[in-house]
Amino acid sequence: MCPSSLNARAFHTTRSTREALATPVAFNVVARGIVNPSDYRGGTLRYVRTDDFDSLDPADTYYAYTWNFIRLIGRPLVGYTTDGEGNPRLVPDLAEALGQASDDTRTWTYRLREGIRFEDGTPVTSRDVKYAVLRATYPEQVYGGPATRGGPAYFRQYLTGPDGIETTDDRTLVFRLREAFAAFDYLAALPTTIAVPRERDTFPEYRRRPVSSGPYRIDTYTPGAELTLDRNPHWESATDPVRTALPDRITVRLGVSGPEVDRILLDGEADIDLAGVGVQPETQARILADPTLRRHVDNPRTGFVWLYCVNRNIGPLTSVYARRAVQYATDKAAMLAAYGGDAAGEIATTLLPASVVGHYPFDRYPVGPEGTGDLEAARRELARAGHPDGFTTRIAAREDRTKEWNAALALSKGLARVGIRAEVVPFASGDYFTKTVGVPDYVREHGIGIVMFGWAADFPDGYGFLQQIADSRAIKETGNQNLGELASPRIDALLDTGAATRDGKERARIWAVVDRAAMDEAVMCPYMYVKSVVFRGKRAANVTMSPAYGMYDYAVLSVVDEDPDVVDENPNG
């Protein structure tokens, strides 16, 4: 991850944490290869999580950990492995090969593997994939009325319409696009292409019991409490280049507080925190300072960026100068400290992190050498906005995400220094985007000017990071991710040009231009390039990072056949 142009870390990192990071004890072993490589088949892999899944319906999910996890239940056309150097590599998954593109990249053809079956033994056909994409992309036509959807809208943007998918036989799909798209295989890797049999679609209840085409099927699911998976007897490892499916059973304990998640992990009652975003700050200091616990700590760069969005349609924030005042007044050092300081990440100045194609370092709104804000610049912008004494707004944050909540409080405190009075309003994670902050009408009705947010690429290039949060055409009535409601014809045109560009260097240049153009509008403030301080239990095996999802690769995780006292000293690779 590219170093920030600011160097504020020393001001919010405790001495004990800095010393712990410098201590030569086994630490961040996952960065050097696979931790606890094992071919043991059996046992139960145990996850724990503070809140619930946003949805297990592949058409209705937009949380990164759900995308990572749902691959155990369903198989999209294309999947990800790594290239041996920690970079994501596209591979055919449900399809037998990557897409065949026409010369103008407006027609893409996929052929399904033979022998793929749903959990009831019925074959997966091209019609099941077509139906899955249609129900996600045109729900009003499939269900005969409005249907909320929380996933990305790429297919609706690019398909020629509901007739833009053809099934020429049981195994062949043809996608026809209204515009050129040179990286369509990335779209084919989205959960949207996980097959759904029409006759078993129970929407809206499908989110609780999707039909499996992967190695595991849902045994029991009590939302907010627990999920258990057992094996899909019709999955065959020979057809699957992505998943190893070594555990016999997988459990997820849900609805646990952040501190309790940490206790459960440290006490050996669970193996992995499903969210993958790291332990609580108090736990972080403890595990970094304890040599025994430190063996089980990883500190990877994730590709995530913590940011907040400033809605350009709310009150005084309709003025770009007011939005720029918010940017300058932000105490990024205090917000980073809320996440745990040095080990948690680095102060961000760009939307694109260094791990995404198109990143170019710049700093549109410098906040001082200590990262605490440039209050004079903020006051100048307030005067230009016609609000020299500040104004009032509201900040939305997820109260059940302790670190995000504390960062929101730090933001509010920082803004108050220049007279911007920002009340922090609590929300729950489960329906944050589908019912509240992702619903523009709700945001306007409740005067929410700022929304706390975290973002990673839907797929690992600039388009996959930027399009859903910066394209005016991505604004949705519900499940919206363009939370600032950015509407720039120039940005929209640049996104289209980049999407059609096959040359990698030129494509990257265009994404860098989009990043700067979006920052000029001041509707998003990136404050942290994320590194996670994650604790893995001693039972966890085949632990490796997924560069596509920014957390452990849940498609290959397993458990050892006994609890070792000492692990991960000599990782494979």
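**Exercise 1. Aromatic pairs**

Count the aromatic pairs in this predicted model, then classify the pair F433 and F453 and the pair Y463 and W511.

*Solution.* The count comes to 33 aromatic pairs. Let's work through two of them.

Step 1: take F433 and F453. Their ring centres are 5.7 Å apart and the planes meet at 70°. Planes over 60 degrees apart count as edge-to-face, so this pair is edge-to-face.

Step 2: place the two rings in the chain. F433 belongs to helix α14 (residues 432-436), while F453 belongs to strand β17, so the pair ties together parts that are 20 residues apart in sequence.

Step 3: check burial, for which the cut-off is under 20% relative accessible area. F433 has a value of 9% and is buried. F453, with 1%, also counts as buried.

Step 4: turn to Y463 and W511. The ring centres are 5.7 Å apart and the planes stand at 55°, so the pair is tilted. Y463 sits in helix α16 (residues 462-470) and W511 in helix α18 (residues 504-521), so this contact ties together parts that are 48 residues apart in sequence. Both Y463 and W511 are buried.

**Exercise 2. Charges over rings**

Find which ring lies under R401 and which lies under the charged end of R516.

*Solution.* Start with R401: it lies over the face of Y63, at 5.2 Å from the ring centre. For R516, the ring is that of F362, and the charged end sits 4.1 Å from its centre.

**Exercise 3. An enclosed strand**

Decide whether strand β13 (residues 301-310) is largely enclosed or open, and name the strands β17 and β18 as partners with their sense of pairing.

*Solution.* Step 1: count the buried residues. Nine of the ten residues of β13 are buried, so the strand is largely enclosed by the rest of the structure.

Step 2: look at strand β18 (residues 524-531). It pairs with β13 in the antiparallel sense over six bridges, and the bridge partner of W306 in β18 is M528.

Step 3: look at strand β17 (residues 450-455). Six bridges join it to β13, again antiparallel. Here L307 stands opposite F453, the residue whose ring pairs edge-to-face with F433.

**Exercise 4. The two sides of a helix**

Work out how the buried and exposed residues are arranged around helix α12 (residues 375-385).

*Solution.* Step 1: list the buried residues, which are A377, A378, E381, L382 and A385.

Step 2: ask how they are spread. They cover an arc of only 140° around the axis, which puts them on the same side of α12.

Step 3: look at the other side of α12, where R380 and R384 are exposed.

Step 4: find the cover. What covers the buried residues of α12 includes α10 (320-329).

Step 5: follow the chain past the helix. Just after α12, G386 takes a positive phi of about 85°.

**Exercise 5. A sheet with open edges**

Trace the sheet that contains β4, β5, β6 and β7, and say which strands stand at its edges.

*Solution.* Step 1: write down the order. This is an open sheet of four strands, β4-β5-β7-β6, with antiparallel pairing.

Step 2: read off the edges. β4 (100-101) and β6 (165-169) each have a single partner strand, so one side of each is left without a neighbour in the sheet.

Step 3: examine one pairing. Four bridges join β6 to strand β7 (residues 172-176), and I165 has F175 as its bridge partner in β7.

Step 4: add the helix. Helix α3 (residues 126-137) lies across β6 and β7 and runs at about 175° to β6.

**Exercise 6. Unusual backbone values**

Look up the backbone at P204, A522 and N542, and locate each residue.

*Solution.* A reminder first: most residues other than glycine have a negative phi, and most peptide bonds are trans.

Step 1: F203 and P204 are joined by a cis peptide bond, with omega about 5°. P204 is in the loop between α6 (184-188) and β8.

Step 2: A522 has a positive phi near 60°. This residue is in the loop between α18 and β18, and is buried at 0% relative accessible area.

Step 3: N542 has a positive phi of about 55°. Its place is the loop between β20 (540-541) and β21 (545-546), and N542 is buried at 12%.

Definitions and conventions:
Residues numbered from 1 in each chain as written. Predicted model: local features only at pLDDT ≥ 70, side-chain atom pairs only at ≥ 80, totals over all residues. Heavy atoms only, no water. Buried < 20%, exposed > 50% of the residue type's maximum accessible area, 1.4 Å probe, protein only. Pairing = 2+ DSSP bridges. Phe/Tyr/Trp six-rings, centres within 6.5 Å; stacked < 30°, edge-to-face > 60°. Lys NZ or Arg CZ within 6 Å of the ring centre and 35° of its normal. Arc of directions from axis to C-beta. Contact = heavy atoms within 4.5 Å. Axes fitted to C-alpha atoms, helices over the stretch in contact; angles between N-to-C directions.
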